[in-house]
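Here are my notes for your first look through this protein. Keep the structure open beside you and find each residue as you read.

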Amino acid sequence: MSGEDNHEWFDNPEQIGQSISLGGQIDEWWYSYQFASNKDGTIFAVSDPRYHENVKIYEYNASSNCGQGGYEQKGSTISNPNQYVKFGTNIKFNDEGTILFVSAQGKENNYNAEIYVYEWNPSSN
C-alpha cells in the first residue's frame with residue numbers, strides 16, 4: 001500500500017458534527033488542552049489542566065443538531081479530586097470508550113503524580 005493510498009480521505013475531508021468551544025483562556029505559552037478518543041472516534045474527552053483542572057467527555061449522537069448529528073456532553077464534568085495536583089495532564093480511553101484514565105501531576109515537589117481511572121456507568125446516563 002503506497003503512502004498516497006493511506007491518506008485518500010484528506011482529499012475531501014468532511015467534518016462530523018459541530019465544532020465544540022472549549023472555552024477558557026488560550027495563549028501559546030500555556031496552551032494545555034489534552035485530548036483522547038475511543039477507537040472509532042464516537043467518544044472523546046478533553047481536559048484543561050492549566051486553567052480549569054477538569055475533564056469533559058463528549059459522545060456523537062446522529063440525531064442531534066436537527067438530525068445532522070453532533071457531539072453532546074456525556075455525563076457530568078469530572079472535576080479535580082485533589083487540590084494538590086494538576087488534574088488532566090494526560091488522558092486516555094480504552095478502545096470502547098467505557099474506561100477513562102486521567103493523570104495528575106503534583107503541583108509542588110512534595111506531591112506525587114497520580115492516576116485516576118473512571119468507568120462509565122450506563123445507569124447514570
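1. Let us begin with a term. Two strands count as paired if DSSP finds at least two bridges between them. Please also keep in mind that this is a predicted model. With that rule, an open sheet of three strands appears in the order β6-β7-β8, and its pairing is antiparallel. Which strands stand at the edges? They are β6 (85-93) and β8 (114-119), and each has a single partner strand, so one side of each has no neighbour in the sheet. On average, neighbouring strands here are turned by 25 degrees against each other, direction ignored.

2. Next, the overall layout. The protein chain has one helix and eight strands. Along the sequence the pattern reads α-β-β-β-β-β-β-β-β. Of the 125 residues in the protein chain, 30% are buried.

3. Now follow one pairing in detail. In general, strands of a sheet pair through backbone hydrogen bonds, either parallel or antiparallel. Strand β7 (residues 99-106) pairs with β8 in the antiparallel sense, over six bridges. If you would like one pair to locate, take leucine 100, whose bridge partner in β8 is tyrosine 118.

4. Leucine 100 also turns up in the interior. The largest nonpolar core has 14 residues, and Val55 and Leu100 touch the most other members. At least two residues of this core come from each of β2 (43-47), β3 (54-61), β6 and β7. Which strand gives the most to the core? That is β6, with four residues. As background, nonpolar side chains in soluble globular proteins tend to be buried together.

5. Not every nonpolar side chain here is hidden, though. Phe101, Ile115 and Val117 form a nonpolar patch on the surface, and together they have about 300 Å² of accessible area. Look at valine 117, which is found in strand β8. Is valine 117 buried or exposed? Its relative accessible area is 53%, and exposed means over 50%, so valine 117 counts as exposed.

6. Turn now to the charged pairs. The count comes to two salt bridges. In one of them, glutamate 53 meets lysine 107, with the closest N and O atoms 3.1 Å apart. Glutamate 53 lies in the loop between β2 and β3, while lysine 107 lies in the loop between β7 and β8, so the pair ties together parts that are 54 residues apart in sequence. Glutamate 53 is buried, with a relative accessible area of 14%, whereas lysine 107 counts as partly exposed at 39% relative accessibility.

7. Lysine 74 and glutamate 59 also meet through their side chains in a salt bridge (3.8 Å, N to O). What does this pair tie together? Lysine 74 sits in the loop between β4 (70-73) and β5 (78-79) and glutamate 59 in strand β3, so the linked parts are 15 residues apart in sequence. Here lysine 74 is buried, with a relative accessible area of 11%, and glutamate 59 is partly exposed at 31% relative accessibility.

8. One last residue to find is asparagine 82, in the loop between β5 and β6. Asparagine 82 has a relative accessible area of 17%, and buried means under 20%, so this residue counts as buried. Its C-alpha atom is separated by 9.5 Å from that of glutamate 114, although the two residues are 32 residues apart along the chain.

Key:
Residues are numbered from 1 along each chain as its sequence is written. This is a predicted model: local features need pLDDT of at least 70, side-chain atom pairs count only at pLDDT 80 or more; totals for chains, interfaces and linings use all residues. Side-chain values use heavy atoms; hydrogens and water are left out. Axes are lines fitted to C-alpha atoms, for helices over the stretch in contact, and angles run from 0 to 180 degrees between N-to-C directions. Patches are made of residues with over 30% relative accessible area and no salt bridge: like charges are joined within 9 Å, nonpolar side chains (Val, Leu, Ile, Met, Phe, Trp, Tyr) within 5 Å. Accessible areas come from the Shrake-Rupley method with a 1.4 Å probe; for residues, only the protein chains shown count as cover. A salt bridge is a side-chain nitrogen of Lys or Arg within 4 Å of a carboxyl oxygen of Asp or Glu. Buried means under 20% relative accessible area, exposed over 50%, partly exposed in between (1.4 Å probe, protein chains only). A nonpolar core is a set of buried Ala, Val, Leu, Ile, Met, Phe, Trp, Tyr and Cys residues joined through side-chain atoms within 4.5 Å.
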